Amino acid sequence: MPTTIAIVVGGGSGSRFGGPPKQYRRLAGGAIFRRALAAFAAHPRIDAVQPVIGADDGARFAAACGDLPVRAPVTGGGSRSASVRAALDAVLADAPDRVLIHDAARPLVSPALIARVVAALDHHAAVVPGVAVRDTLKRAPAGTIEATVDRRDVVAVQTPQGFACALLREAHARGDDATDDAGLVERLGVPVHVVEGEMTNLKITEPDDLALAERWLATPRVPRVGTGFDVHRLAAGDGVVLGGITIPCGLRLVGHSDADVALHALTDALLGTLGVGDIGTLFPPSEDRWRGADSALFLVEAGRRVGSVGGAIAHLDLTILAERPKIGPHRAAMRARVAEILELDVERVSVKATTTEKLGFTGRGEGIAAQAAATVLYPA
Ligand code: MG
């Protein structure tokens, strides 16, 4: 696994709140900066967290964040870009493959967003989260509208921004300044990939933003449990695709897609928490494009739908009913693969298996069944 370090930039001294820098304002019981750091410190895909602080903020940082499992803070430079450069130099000894750069003023970054940026770095050297702009955009330099901006290809860009470490060092090598790190990478002519950001990933700039963040954090979360069940027939073949992995054996599961009953049951369990129908509604077998499809696609889409309405997957529990092939030796690999597909901590995924004592169609080895339960927390 590549080494990934998160740099959380909190060197700014400005505050439109009056008093100390805004990243030390309290939000629901802890400093804004603390929440931002804690999100990365607790994330399974982040190996270390490097805070950047202002020159006069040593004591403030120690009081607000000193007990967190993060590296000793480095002091930032005269600009945001200079602060990032100071942190890049500080982490050089650890030779990270990848770095994520995050603003300390975005304390509501979700584990799913961090995972999405890290996952996209498998395929892209530079990744930013972006959200579509809902409002109509106008140019109004002196308070009077001059023009309407075509918003169709406009995105509002957030952090964390992820980069191959060598690329970001190269982008910063000339010592230029930009409002974000992607801006420097763009100047090199390197494509920057956009993943879905989150409306809740607020940048706290104005007192209003703090009030909004307080309300979001205070919103009660309600668990919803969804269940899924699926069966596919067994036939002679050269491997069973189950739980996202291929078990080499003289059998295969028969179906329109790759017939992965386990991923189908999990997909239906997630869709069950949303009440939007089932896997057949979303991916009709009548559509040719799903022929032989990797069922991971279905599970990813279900996960995306859950996340798009603020849902967080608390736990998945899968039971496979099969006489053959033997599931036990592959259980850990299935668990890891499901966690990978949904960008979850593996602790949140349970995979179990049972035979049915030679009874029924599973017992006779005519097919495999799977059932799943998903627990998802949604804002009330
Ligand atoms: Mg199915």
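## Five-stranded sheet

In this predicted model, five strands make up an open sheet of mixed pairing, ordered β16-β13-β19-β17-β18. The edge positions belong to β16 (251-254) and β18 (349-354); each has a single partner strand, so one side of each is left without a neighbour in the sheet. From one strand to the next, the twist averages 25 degrees.

At one end of this order, β17 (residues 312-321) and β18 run parallel and are joined by six bridges. Within this part of the sheet, D317 stands opposite S350 in β18. Strands of a sheet pair through backbone hydrogen bonds, in either a parallel or an antiparallel arrangement.

## Helix across the sheet

Helix α8 spans residues 261-274 and lies across four strands: β13 (221-236), β16, β17 and β19 (367-379). Relative to β13, helix α8 runs at about 155 degrees.

## Magnesium site

The magnesium ion is coordinated by D230 through OD, H232 through NE2 and H264 through ND1, at 2.1 to 2.3 Å. Along the chain, these donors follow the spacing D-x1-H-x31-H.

Are the donors D230 and H232 buried or exposed? D230 has 17% relative accessibility and H232 has a relative accessible area of 14%. Buried means under 20%, so D230 counts as buried, and H232 is buried as well.

## Domains and their contact

The domain assignment divides the chain into domain 1 (4-218) and domain 2 (221-379). Taken over C-alpha atoms, the centres of domain 1 and domain 2 are separated by 36 Å. Seven residues from domain 1 and five residues from domain 2 take part in the contact.

About 510 Å² is buried between domain 1 and domain 2, and carbon and sulfur atoms give 51% of this area. On the domain 1 side, P44, E196 and W216 supply 61% of the area buried against domain 2, more than any other three residues of that domain.

## T4 in strand β1

T4 lies in strand β1, which covers residues 4-10. With a relative accessibility of 1%, T4 counts as buried because buried means under 20%.

Which residues does T4 touch, leaving aside those up to four places away in sequence? The contacts of T4 are R45, I46, D47 and A48, together with R98 and L100.

Technical notes
Residues are numbered from 1 along each chain as its sequence is written. This is a predicted model: local features need pLDDT of at least 70, side-chain atom pairs count only at pLDDT 80 or more; totals for chains, interfaces and linings use all residues. Side-chain values use heavy atoms; hydrogens and water are left out. Two strands pair if DSSP finds at least two bridges between them. Helices (H or I, at least four residues) and strands (E, at least two) are DSSP runs, numbered from the N terminus. Axes are lines fitted to C-alpha atoms, for helices over the stretch in contact, and angles run from 0 to 180 degrees between N-to-C directions. Contact means heavy atoms within 4.5 Å. Donors are N, O and S atoms within 2.8 Å of the metal (3.2 Å for Na, K and Ca); water is not among the atoms, so sites may look incomplete. Buried means under 20% relative accessible area, exposed over 50%, partly exposed in between (1.4 Å probe, protein chains only). Domain bounds come from an automatic or database domain assignment. Buried area is the accessible area (1.4 Å probe) that two parts lose on being put together, summed over both.
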